Amino acid sequence: MTYHIIWTTYGTWLPGDRRGWVQKKKPGIQDPDPKREEGARITMAESAIVLNAVQRSIVDETIHTHCEIRDWSLHALNVRSNHVHVVLTADRAADDVVRQLKAWCSRNLSDDAGLETQVAAKAGRRRWFTEGGEAKVIDSEEYLENAIHYVMELQ
C-alpha cells in the first residue's frame, strides 16, 4: 500500500486548536475549542517540542534508513519543525508503519539528547511526537504525484 503519512511533534497541535483539529472516531476537521485546547495544555506531561535543524536531520536520516532496511519505497519526505510528512509504499498496514517510524525517530532523538533516564511513561523515552498520526491511502498514480508535489513543494 502507498500512504501519505503526517504526524505532529508533541504539544504543537492540541485538541481544540484554532487551526482545526482531528478527533478520534469523529469524521472531519473539528472547530476550534479554546477551553479544550487549554485543558489539553494543562495536562501535558512535558513542554511542546519544536525540532531544531539537527533534530530535523536526525528524523530525516532515520526515516530514510528505516525505509531502506524494510525495503519500503520512500517517495517523498519533509521534516518540519512541528510536523513530518512521508509518502511511501510499504508491505504493511499504515498504523504499523507510523508506529515504527515514530518509534525509531524518538529513539534516535532521545539518544542524541542523552536521555538515559525514564522521562516519559511510554517506553522510557521523552515524548517527541503526538500519539497516532494521519495516514491516507494513495490509490492512484495522479494522487501519488499530487502527494509528492505537496510534500516536496508546498510545505
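How many disulfides does a search of the whole structure find? Zero. Keep in mind that this is a predicted model. The tour starts with two cysteines and then moves through the helices, a hairpin and some loop residues.

**Stop 1: two cysteines**

Select Cys67. Cys67 takes part in no disulfide, and the nearest cysteine sulfur, that of Cys105, is 9.5 Å away. A disulfide needs its two sulfur atoms within 2.5 Å. Cys67 is buried, with a relative accessible area of 2%. Now select Cys105. Cys105 is in no disulfide either; for Cys105 the nearest cysteine sulfur is that of Cys67. Cys105 is buried too, at a relative accessible area of 0%.

**Stop 2: helix α2**

Select residues 53-70. This is helix α2, with 18 residues. From first C-alpha to last, α2 reaches 26 Å, close to the 26 Å expected.

Color the buried residues of α2: Gln55, Ile58, Val59, Thr62, Ile63, His66 and Cys67. Look down the axis of α2. The buried residues fall within an arc of 155°, so they line one face of the helix. There is a general reason to expect such patterns. An α-helix has 3.6 residues a turn, so residues three or four places apart point the same way.

What does the buried side of α2 pack against? Show β1 (2-8), β4 (73-79), β5 (83-89) and α3 (94-113) to see its partners.

Now turn the helix around. The face of α2 turned away from the buried side carries the exposed residues Ala53, Val54, Glu61 and Glu68.

**Stop 3: the two ends of α2**

Go to the N-terminal end and select Asn52. Asn52 caps α2 there: a side-chain oxygen lies 3.0 Å from the backbone nitrogen of Val54.

Then move to the other end. α2 is followed by Asp71, which sits in the loop between α2 and β4. Its phi is near 65°, a positive value in a residue other than glycine. Is Asp71 buried or exposed? Asp71 is exposed, because its relative accessible area is 70% and the cut-off for exposed is over 50%.

**Stop 4: the β4 and β5 hairpin**

Carry on from Asp71 into β4, and show β5 with it. The two strands form a hairpin with three residues between them. β4 and β5 pair in the antiparallel sense over six bridges. Select Leu77 and look across: Leu77 stands opposite Val86 in β5.

**Stop 5: helix α4**

Select residues 141-153. Helix α4 has 13 residues and reaches 18 Å from its first C-alpha to its last, close to the 18 Å expected. The buried residues of α4 are Leu144, Ala147 and Val151. They cover an arc of only 65° around the axis, which puts them on the same side of α4. These buried residues pack against β1, β4, β5 and β6 (134-138). Rotate to the face turned away from the buried side. Here are the exposed residues Glu141, Glu142, Glu145 and Glu153.

**Stop 6: Phe129 and its contacts**

Select Phe129, in the loop between α3 and β6. Phe129 counts as buried, at 8% relative accessibility. Which residues does Phe129 touch, not counting those up to four places away in sequence? They are Trp7, Thr8, Thr9, Tyr10, Val59, Lys102, Cys105, Ser106 and Leu109. Two names return from earlier stops: Val59 is one of the buried residues of α2, and Cys105 is the cysteine from Stop 1.

Add Gly11 to the view. Phe129 and Gly11 are 118 residues apart along the chain, yet their C-alpha atoms are separated by 7.9 Å.

**Stop 7: Ser106 and Trp128**

Pick Ser106 from the contacts of Phe129. Ser106 is found in helix α3. At 9% relative accessibility, Ser106 counts as buried. Draw a line to Trp128. Ser106 and Trp128 are 22 residues apart in sequence and 6.0 Å apart in space, C-alpha to C-alpha.

**Stop 8: Glu46**

Finish with Glu46, in the loop between α1 (34-42) and α2. Glu46 is buried, with a relative accessible area of 14%. Where does its side chain reach? Show Arg127: the side chain of Glu46 reaches the backbone nitrogen of Arg127 at 3.1 Å.

Note on methods:
Residues are numbered from 1 along each chain as its sequence is written. This is a predicted model: local features need pLDDT of at least 70, side-chain atom pairs count only at pLDDT 80 or more; totals for chains, interfaces and linings use all residues. Side-chain values use heavy atoms; hydrogens and water are left out. Helices (H or I, at least four residues) and strands (E, at least two) are DSSP runs, numbered from the N terminus. The expected span of a helix is 1.5 Å times one less than its number of residues. Buried means under 20% relative accessible area, exposed over 50%, partly exposed in between (1.4 Å probe, protein chains only). The arc is that of the directions from the helix axis to the C-beta atoms. Contact means heavy atoms within 4.5 Å. A polar contact is a pair of N or O atoms within 3.5 Å; within protein, one must be able to donate a hydrogen and the other to accept it, and residues adjacent in sequence count only if both atoms are side-chain atoms. Two strands pair if DSSP finds at least two bridges between them.
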